[in-house]
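Trainee: I'd like to take a close look at one part of this model with you. Could you walk me through it slowly and tie it to what sits around it?

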Amino acid sequence: MLALTNKNYKTKELEYSVTGHQRSSWLSLPTQRRMMMSSIVSLDTDTSSAVTQIRFAADGWIPNNSRLPVIFYRSAISGVGVDQAAAFEMRFRQNGWEPRWRNGVYPFQHYHSTTHEVLGFAGGTAHLLIGGPNGYEVVVSAGDCVLLPAGTAHRRLDASADFLVVGAYPPDQNCDLRQSAMAEEAIERMAQLPFPNLDPIMGMSGLRLHYWKPAE
C-alpha cells in the first residue's frame with residue numbers, strides 16, 4: 001500500500017490513497033486551503049495504473065523541482081515469493097536506469113542536485129517525508145516505488161527493521177548529497193539534467209513519458 005498524508009494537518013480529510021483518481025481542484029475548499037500552506041502544488045492519481053504524480057514548489061533552502069513531478073507507483077513489483085530487490089534491479093536496468101545500491105533512506109532532509117533518482121522499496125515498510133519540511137508524508141511498503149526528480153527533498157521518518165530500498169539513476173549521473181541551498185546558476189544546470197527515454201517501471205507506457213519532458 002502507498003498512501004499520502006499531509007505532515008502538518010493529520011486529519012481524515014487530508015489522507016489520500018492512490019487507489020482512486022484525484023485532482024487537487026476536486027478537493028474540498030478547507031482541504032485546498034491547507035494544501036496551500038505546504039510545498040505541494042498539485043496532486044493527481046491515474047486510476048488505471050494507480051500511479052500518482054505530485055508537483056512541489058521550493059521549500060526554504062530546498063529547491064525541489066518546479067518542472068518535473070515526483071511519481072509514485074503502488075505495487076510496482078508484486079508476487080508471493082518474489083525477490084523484490086532483484087526484480088526492481090532487473091526492471092530498472094531493462095528501462096535504462098542503473099541500479100547502484102541496496103540500503104535505506106537517510107533520516108535527515110537532503111536532496112540530489114546532480115542526478116534524478118528512483119527508489120524501489122524491496123522490503124518492509126517506512127514513513128517518508130517528500131518535498132521538504134512542509135512537504136508530504138508517504139507510507140511505503142514492499143513493491144512500491146518512487147521517482148524523484150533532481151532537487152526533491154526526502155527523508156525517512158520511521159521504518160521497520162526489514163526496510164530495504166534499491167536505488168537507481170540515469171547513466172553517467174553521479175549522486176551528490178546536499179543539505180543547503182544552491183545558487184541560481186546551479187539550479188539552472190540541474191534543470192538541464194537528462195533522463196532515460198523509458199519510465200523506470202512501466203517502460204514505454206509509463207506516465208514518466210507524459211509528465212517528464214526534456215528541457216528545451
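Which side chain does the side chain of Asp199 join through a polar contact?

Mentor: Tyr73 is the partner: the side chains of Asp199 and Tyr73 are joined by a polar contact of 3.0 Å. Keep in mind that we're looking at a predicted model.

Let's start with Asp199 itself. You'll find Asp199 in the loop between α3 (184-191) and α4 (208-211). A loop residue could be buried or exposed, so check the number: Asp199 has a relative accessible area of 0%, and because buried means under 20%, Asp199 counts as buried. The side chain of Asp199 also has a backbone neighbour, since one of its polar atoms lies 2.8 Å from the backbone nitrogen of Met202. So for Asp199 you can trace a side-chain contact to Tyr73 and a short distance to the backbone of Met202.

Now follow Tyr73 inwards. Tyr73 is among the residues with the most contacts inside the largest nonpolar core, a set of 20 residues. Phe88, Phe92, Trp97, Cys145 and Trp212 are listed along with Tyr73 for having the most contacts there. As for where the core residues come from, the elements giving two or more are β5 (70-73), α2, β7 (117-123), β10 (145-148) and β12 (164-169). Helix α2 supplies the largest share, with 3 residues. Nonpolar side chains tend to be buried together in soluble globular proteins. There's another core too, lying apart from this one, with 19 residues that include Val105, Leu128, Val140 and Phe163.

Since α2 came up, stay with that helix for a moment. Glu89 sits in α2 (residues 84-94) and pairs with Arg102 in strand β6 (residues 98-103), so 13 residues separate the two and the pair links distant parts of the chain. This is a salt bridge, with the closest N and O atoms 2.8 Å apart. The two ends don't get the same label: Glu89 is buried at 17% relative accessibility, whereas Arg102 is partly exposed at 43%. The whole structure has 2 salt bridges. Glu98 and Arg100 also form one, and their closest N and O atoms are 3.1 Å apart. Glu98 is partly exposed at 32%, and Arg100 is partly exposed as well, at 34%.

Strand β6 leads us on to the largest pocket. Both β6 and β7 give two or more residues to its lining. The lining has 14 residues in total, and Trp101, Gly104, Tyr106, Glu117 and Tyr169 are the ones nearest the pocket's centre. The space in there comes to about 230 Å³.

Next, look at the loop between β6 and β7. Ser113 lies in that loop and is buried, with a relative accessible area of 9%. Its side chain makes a polar contact of 2.4 Å with the side chain of Asp176.

Aromatic rings are worth a look as well, with 5 aromatic pairs found across the structure. One of them is Trp61 with Tyr111, a tilted pair at 6.1 Å centre to centre and 35° between the planes. Trp61 is in the loop between β4 (51-56) and β5, while Tyr111 is in the loop between β6 and β7, so this pair spans 50 residues of the chain. Trp61 is partly exposed, at 32%, but Tyr111 is buried, at 0%. Phe121 and Phe163 make another pair, this one stacked, with 5.9 Å between centres and 20° between planes. Phe121 belongs to strand β7 and Phe163 to the loop between β11 (154-159) and β12, 42 residues apart. Both Phe121, at 0%, and Phe163, at 12%, count as buried. You've met Phe163 already, as a member of the 19-residue core.

One last stop is strand β4, where Val51 lies. Val51 is buried, at 2% relative accessibility. Its C-alpha is 9.6 Å from that of Ser75, with the two positions 24 residues apart in sequence.

Back to where you started: Asp199 is buried, contacts the side chain of Tyr73, and Tyr73 in turn is one of the residues with the most contacts in the largest nonpolar core.

Technical notes:
Residues are numbered from 1 along each chain as its sequence is written. This is a predicted model: local features need pLDDT of at least 70, side-chain atom pairs count only at pLDDT 80 or more; totals for chains, interfaces and linings use all residues. Side-chain values use heavy atoms; hydrogens and water are left out. A salt bridge is a side-chain nitrogen of Lys or Arg within 4 Å of a carboxyl oxygen of Asp or Glu. Helices (H or I, at least four residues) and strands (E, at least two) are DSSP runs, numbered from the N terminus. Buried means under 20% relative accessible area, exposed over 50%, partly exposed in between (1.4 Å probe, protein chains only). A nonpolar core is a set of buried Ala, Val, Leu, Ile, Met, Phe, Trp, Tyr and Cys residues joined through side-chain atoms within 4.5 Å. A polar contact is a pair of N or O atoms within 3.5 Å; within protein, one must be able to donate a hydrogen and the other to accept it, and residues adjacent in sequence count only if both atoms are side-chain atoms. Rings of Phe, Tyr and Trp (its six-membered ring) pair if their centres lie within 6.5 Å; planes under 30 degrees apart count as stacked, over 60 as edge-to-face and the rest as tilted. On a 1 Å grid over the protein atoms alone, a cavity is a set of points where a 1.4 Å probe fits but cannot get out, and a pocket is an open set with protein on both sides within 12 Å along at least five of seven lines; lining residues have an atom within 4 Å of a point. Grid points are joined across faces, edges and corners, and a volume is the space filled by probe spheres set on the points.
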